[in-house]
Amino acid sequence: HRDQEERLAREKDDLLVDKDRFVASVNHELRTPLTAVVGLAHTLTESPESLTAEEKSEFLDILVNQSEDVAAIVDDLLVAARADTGHLTMVLQEVDLSEELAAVLPADTALVDEAVGPLLVGADPIRVRQVLRNLVSNSVKYGGPSRRARISTSGINGIIAIEDNGPPIDPGQEELIFAAYGRAHDSPGRTDSVGLGLTVSRQLARLMGGDVVYRHDGHWSSFALVLPTAITSATRAIYNDPATARLVHRTQENKHQTAAYLPAGSAD
């Protein structure tokens with residue numbers, strides 16, 4: 001009993017340390033874009049005559065981008081909070097993964113489309129876009145300089161992989177990057193990543209019957225959103241009865257054989 005109490009005490013202490021790190025990271029990642037938003041807004045309103053049209057346009061672009069970063073972090077925090085209570089609400093419908101990817105993919109990112117025609121899945125379009133946005137953001141912040149998106153299918157699954165030529169995750173740490181309070185990256189000069197975007201992305205994907213998986217083939221890192229293209233009986237019932245479209249899901253860990261989702265050569 002004493003050994004068990006000591007083990008539980010250590011686990012509690014570790015959790016508190018992780019949560020403290022998490023709060024510090026959230027503070028850092030929210031404060032950085034908010035500081036830019038406030039500073040640029042003051043400049044634009046207090047001395048607009050001192051700025052050229054080009055400078056104003058550049059400042060407005062920065063304001064939009066930084067505001068979107070804040071909104072994305074808040075979205076992830078809200079999902080995480082609902083997951084902690086055991087419930088998330090989704091609206092399932094037919095979604096074209098290609099269209100959702102186009103909405104979040106930066107213009108300078110190469111696209112490899114191996115699917116034939118629209119890639120339709122039964123999912124929540126808002127949540128699909130949230131997952132893809134997180135995967136793109138993760139690659140931009142922490143991946144290598146070359147980046148691409150790959151659309152493909154494997155069996156009954158539709159796959160969108162965000163790939164970059166960054167270094168692999170350390171062996172044995174592949175699952176840590178999906179832990180809510182785990183440190184996903186240790187980059188010089190950067191506060192630890194919130195580590196929430198990948199956690200939320202995997203939760204949302206699994207609630208939609210899919211997963212988010214990581215692999216590295218020696219050249220390319222790949223974070224892939226995998227969703228079933230087949231319409232399940234539950235999804236078909238939703239289509240037939242719109243009144244039941246709003247579903248409450250319990251966030252329970254599903255045991256997925258993630259390797260089966262990825263086609264051979266998806267990151268080659």
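Colleague: What makes the pair aspartate 96 and serine 98 at the start of α3 a polar contact?

Modeller: In this predicted model, a side-chain oxygen of aspartate 96 comes to within 3.0 Å of the backbone nitrogen of serine 98. The cut-off for such a pair of N or O atoms is 3.5 Å, so this one counts as a polar contact.

Colleague: And how do you know which side of α3 is buried?

Modeller: Look at Leu97, Ser98, Glu100, Leu101 and Val104, the buried residues of that helix, which runs over residues 97–104. They take up an arc of only 165 degrees around the axis, so they sit on the same side of α3. Glu99 and Ala102, on the other side, are exposed.

Colleague: Moving on to helix α5, why is serine 201 called buried?

Modeller: Buried means under 20% relative accessible area, and serine 201 has 0% relative accessibility, so the word applies. Apart from neighbours within four places in sequence, serine 201 touches Val131, Asn134 and Val212.

Colleague: How do helices α4 and α5 cross?

Modeller: Their axes come within 9 Å and cross at roughly 145 degrees, and the crossing is left-handed. On the α4 side the contact is made by Arg127, Gln130, Val131, Asn134, Leu135 and Asn138. From α5 come Gly197, Leu198, Val200, Ser201 and Leu204.

Colleague: What classes of residue make up that contact of α4 with α5?

Modeller: There are five nonpolar, five polar and one charged residues. Gly counts as polar, so Gly197 of α5 goes with the polar ones.

Key. Residues are numbered from 1 along each chain as its sequence is written. This is a predicted model: local features need pLDDT of at least 70, side-chain atom pairs count only at pLDDT 80 or more; totals for chains, interfaces and linings use all residues. Side-chain values use heavy atoms; hydrogens and water are left out. Axes are lines fitted to C-alpha atoms, for helices over the stretch in contact, and angles run from 0 to 180 degrees between N-to-C directions. Helices (H or I, at least four residues) and strands (E, at least two) are DSSP runs, numbered from the N terminus. A crossing is left-handed if the near helix is turned anticlockwise from the far one by less than a right angle, and right-handed if clockwise. Contact means heavy atoms within 4.5 Å. Buried means under 20% relative accessible area, exposed over 50%, partly exposed in between (1.4 Å probe, protein chains only). The arc is that of the directions from the helix axis to the C-beta atoms. A polar contact is a pair of N or O atoms within 3.5 Å; within protein, one must be able to donate a hydrogen and the other to accept it, and residues adjacent in sequence count only if both atoms are side-chain atoms.
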